[in-house]
Amino acid sequence: MLSTQKVLMTKRSASILVLIAAAVGLTACGSSSSGGKNLGLVAYSTPQSVFEKLIPAFGATTDGKGVTFSQSFGPSGEQSRAVANGLHADIVNFSLSPDVERLVKAGLVSSSWNQNATHGFVSESVAVIIVRKGNPKHITGWSDLVKPGVQVLTPNPFTSGSARWNVMAAYGAQLKEGKTPAQAQAYLTALFHNVVSQDSSARNALQTFLAGRGDALIDYENEAISDQKKGAAIEYVIPKDTILIQNPVAVVGKGTAATTAQKFVDYLLSPAGQAIWVSKGYRPVISGVPGASKFPTPPGLFTIDSLGGWKTVTKQFFEPETGIVTKIEQSLGVSTAK
Amino acid sequence: MHLGTRGGGMLGKGLLGIYLTILVLLPVAALLAKSGTGGTHAFWREISNPEAVAAIKLTLIASVIVVTINAIFGTIIAWVMVRDEFPGKSIVNALIDLPFALPTIVAGVVLLALYGKGSPVGIDVAFTRASVVLALLFVTLPFVVRSVQPVLLELDLAMEEAAASLGASPLTVLRRIVLPTLAPAIISGVALSFARAVGEFGSLVLITGNLPFKTEAGSVYIFGQISNENLAAAAAVSVVLLLAALLVLGALAYVSRRRSRHVL
Amino acid sequence: MSSSGPGTAAVSTPFAGSRAAKGPGIDPARARARSARRRRIGVRTVALGYLAMLLLAPVLMIFYRTFEHGLAPVWNAATTPSAEHAFWLSLEIVAIAVPLNTAFGIGMALLLERGRFWGKAILGLLIDMPFAISPVVVGLSLVLVYGKTGWLGDWLAEQGIQVIFSVPGMVIATAVVSLPFVVRETIPVLREMGTDAEQAAETLGASRWQTFLRITLPGIRWGVVYGVVLTTARALGEFGAVSIVSGRIEQQTQTLPLYVQDRFENFDATGAYTAAVVLALLAIGTLLAMNLLTRRAHRGTVD
């Protein structure tokens, strides 16, 4: 009868009120935990498994006793923008320096963040070419990627800031081989001609590759290593000339939390911390770390600074309308569209 | 029902209005404002960018194809769910909402595994424009079905039986009685499908390959612009897609209203 | 049905009428029933074939991928602290957003369908609008309004309310992307229902509230049911908008879909698929629960 429906209605409205009250109550508590030292770590997605080891190890040290962490991982650019938009962070670790510079501009990170012994970097890697187990297409370097019939995967350099490492690795390698900038750009055009998929992130690109698409995937060494460890049927080739990928870390803000945060960053840069990075496939930024010898040094290793630094490179190559890569994509698209 | 003619009605309408403001009006206004920073010149330049145009075109054409397929198959499926009986029907009925409840990344991974290279059923459409249609069909599956089902459930069989006993063939009954009654629901489902298809992002990123000018959808292009701090461009293209969706929704609403005037 | 007599023409087209049945001694009613049955099976095959390709195959694939290494890894994956927190957080957000959207939806449907005012079309479009915007852009626009540097940022900071990067922001994002369903599901049913019963009730002296509870609500119940089911499913599975406004803080602002992404990024396929299966079960559970509730409430009323 009416009673059943009335009961339902009152029950429903009562539960709604309870839920709203609960929600308000929860928000009043907020996300900050009072008492004890709590640090907010905001990082890009790849080093998540490394921090799973680093944080407990830090907690075992005298500096780290009683320190709790709230952790957030996601695409480097997104995370950086989130912090700029108010996401609480005490330490940030991103894939490339511009994501930290954004926070300097927002007044959250001190402008002297990279004036230390490691220039602000906490881990390194190199750009590599991932191929199928057995390397059926015999890919040994950048020049093989522009051969006809070779299908290349690389994440979209416009949706994935980290993917820009790949493009600059390829470009810089051409310069290293003695080509002129114009010839290097021609190489990039030929490379993108062979690109058959531009996933929105490195992880997605790897997924696509593992699903059977493409012959070669441009990726980072630490990704290749951890993927091999998981049993994927892949190999990777370190080209003779390739770029050194340098991942920055920085303390956000000032005050007591910042002091503790700095202690954590110091641990990350200590031999003990760096040994954990190495165990997960990252190259260390300090010398003398056990296990670092397993990383071969490419003879033609170069950094982004040799190409002008990220500020210049971003403007020159990735500007949405005038960038070199933008123009390449457009020329390829317009000619091959439809 | 005389709604809103007395105090209680005003309070109700006020609450509705506040809810709508917080959830829709303010964010959409902010979006419009963002798209306009830089003036109309910049807006025009941003949306006439060749890559943007290609992405918008792909999204709109794919969405039209998808909603057409949905209108037909969604109605058929709803019909079978309501009027038919077979073992396992309730299970199938319960599953229909799944494409909706699954995070889009799962949809993407699964579709790639099923209909990409190494497909267990031998269908490989990954990284083609067809893959855009496939992914969108998956995520918009429930809309027409769930829109038509409630109407079918409430439908009075007496009219159809009367028509049949008067000698109308099943086809005539379908055309003259059932479809016109279902039309508003089908149109409603189509509107939802179109809106979702135009905005869909997550399920497309894996299976389409996101190749600019070839398989890059509007939402992926927008995401790229956001990643480049090009918020104004992202907002501008979003506004264009939104306007296209609103046009279609508006047209559908108009058709729906006109139809309802002709129903007995 | 009945066995075919001699010389019966095989009816192959789904909509063939009784005129196709020829031969002596064939009951036209039986032939009609047979062709009706064939039609039904034909339509069923079409529907099930489409669903098999687009729905059943993916669902089977998901379950296969989840359990391909056995039950134990799945259980472990489902009981990690992060997974459990994500589960409860998703439920909490859904428990707030869905009832709000349902109340809004029924009210709006009544307003749009029964009310008389200018601008109905625009109102209808407004409700559909956030749904047509890419979820990432929805998240972005919410940050533009409620974020630290947004329109209301300063005011919210003064009041000590944190919206973005906290649960309220996630509730709003979830509600926005699942806004139109109850409205859209209810309106066609309202229209089909007509106002006769309601008008009769009012002439008999029922108050507006009584009319609503005893006539309108039971009449639109299936539209509301499916609207709630769709809203809940969307709210459960929402990723894009929530990912922007949540800040992805582990065990604080990580919903199940965000957790799925997190596991996927960490090469933990089992963990990702397990969480996906949990979401699927929640969605199915919602449908079953709504069905049960509606039938029980309906059982008491005179139909």
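Visitor: How many residues does the contact between chain B and chain A take from each chain?
Guide: The contact takes 26 residues from chain B and 22 residues from chain A, where two residues are in contact if their C-beta atoms, placed from the backbone, lie within 7 Å. This is a predicted model, in which local features need pLDDT of at least 70, side-chain atom pairs count only at pLDDT 80 or more, and totals for chains, interfaces and linings use all residues. Residues are numbered from 1 along each chain as its sequence is written, while chains are lettered from A and ligands numbered from 1 in the order in which they are written.

Visitor: Which helix of chain B gives the most to the side that touches chain A?
Guide: Helix 12 of chain B does, with four residues. At least two residues each come from helix 3 (50–83), helix 6 (104–115), helix 11 (204–208) and helix 12 (218–227) of chain B; helices (H or I, at least four residues) and strands (E, at least two) are DSSP runs, numbered from the N terminus.

Visitor: And by class, what is on that side of chain B?
Guide: The side of chain B that touches chain A has 15 nonpolar, eight polar and three charged residues, with Ala, Val, Leu, Ile, Met, Phe, Trp, Tyr, Cys and Pro counted as nonpolar, Asp, Glu, Lys and Arg as charged, and the others, Gly among them, as polar.

Visitor: How many residues of chain B are in contact with chain C?
Guide: 81 residues of chain B are in contact with 85 residues of chain C. Helix 1 (residues 7–36) of chain B gives the most to the side of chain B that touches chain C, namely 14 residues, and by class that side of chain B has 60 nonpolar, 14 polar and seven charged residues.

Visitor: Staying with chain B, how many helices and strands are there?
Guide: Chain B has 13 helices and zero strands, and its C-alpha atoms fill a box of roughly 65 × 60 × 30 Å, taken along the principal axes. Of the 264 residues in chain B, 53% are buried, a residue being buried if 20 or more other C-beta atoms lie within 10 Å of its own, exposed if 12 or fewer, and partly exposed in between, with C-beta atoms placed from the backbone. Among contacts in chain B between residues at least 6 apart in sequence, 77% join residues at least 24 apart.

Visitor: What about chain A, how many helices and strands there?
Guide: Chain A has 13 helices and ten strands, and 46% of its 338 residues count as buried.

Visitor: At what angle do helix 2 and helix 11 of chain A pack?
Guide: Helix 2 (residues 48–59) and helix 11 (residues 271–279) of chain A pack at about 155°, with their axes 9 Å apart; axes are lines fitted to C-alpha atoms, for helices over the stretch in contact, and angles run from 0 to 180 degrees between N-to-C directions. That makes helix 2 of chain A roughly antiparallel to helix 11 of chain A, since angles under 35 degrees count as roughly parallel, over 145 as roughly antiparallel, 65 to 115 as roughly perpendicular and the rest as oblique.

Visitor: Which residues meet there?
Guide: From helix 2 of chain A, A:Val50, A:Lys53, A:Leu54 and A:Ala57 meet A:Ala272, A:Gly273, A:Ile276 and A:Trp277 of helix 11 of chain A. By class, this contact of helix 2 with helix 11 of chain A has six nonpolar, one polar and one charged residues.

Visitor: Over to chain C: how do helix 3 and helix 8 pack?
Guide: Helix 3 (residues 81–114) and helix 8 (residues 180–193) of chain C pack at an angle of about 40°, with their axes 8 Å apart, and are therefore oblique to each other. The contact of helix 3 of chain C with helix 8 of chain C has nine nonpolar, four polar and two charged residues.

Visitor: What domains does the assignment give for chain C?
Guide: The assignment, which is automatic or from a database, gives domain 1 (18–66) and domain 2 (71–300) of chain C. The C-alpha centres of these two domains of chain C lie 35 Å apart, and four residues of domain 1 are in contact with seven residues of domain 2.

Visitor: Last one, C:Ala78: where does it lie?
Guide: C:Ala78 lies in helix 2 (residues 71–78) of chain C, and C:Ala78 is partly exposed because 17 other C-beta atoms lie within 10 Å. Leaving aside neighbours within four places in sequence, C:Ala78 is in contact with C:Ala83, C:Thr274 and C:Val278.
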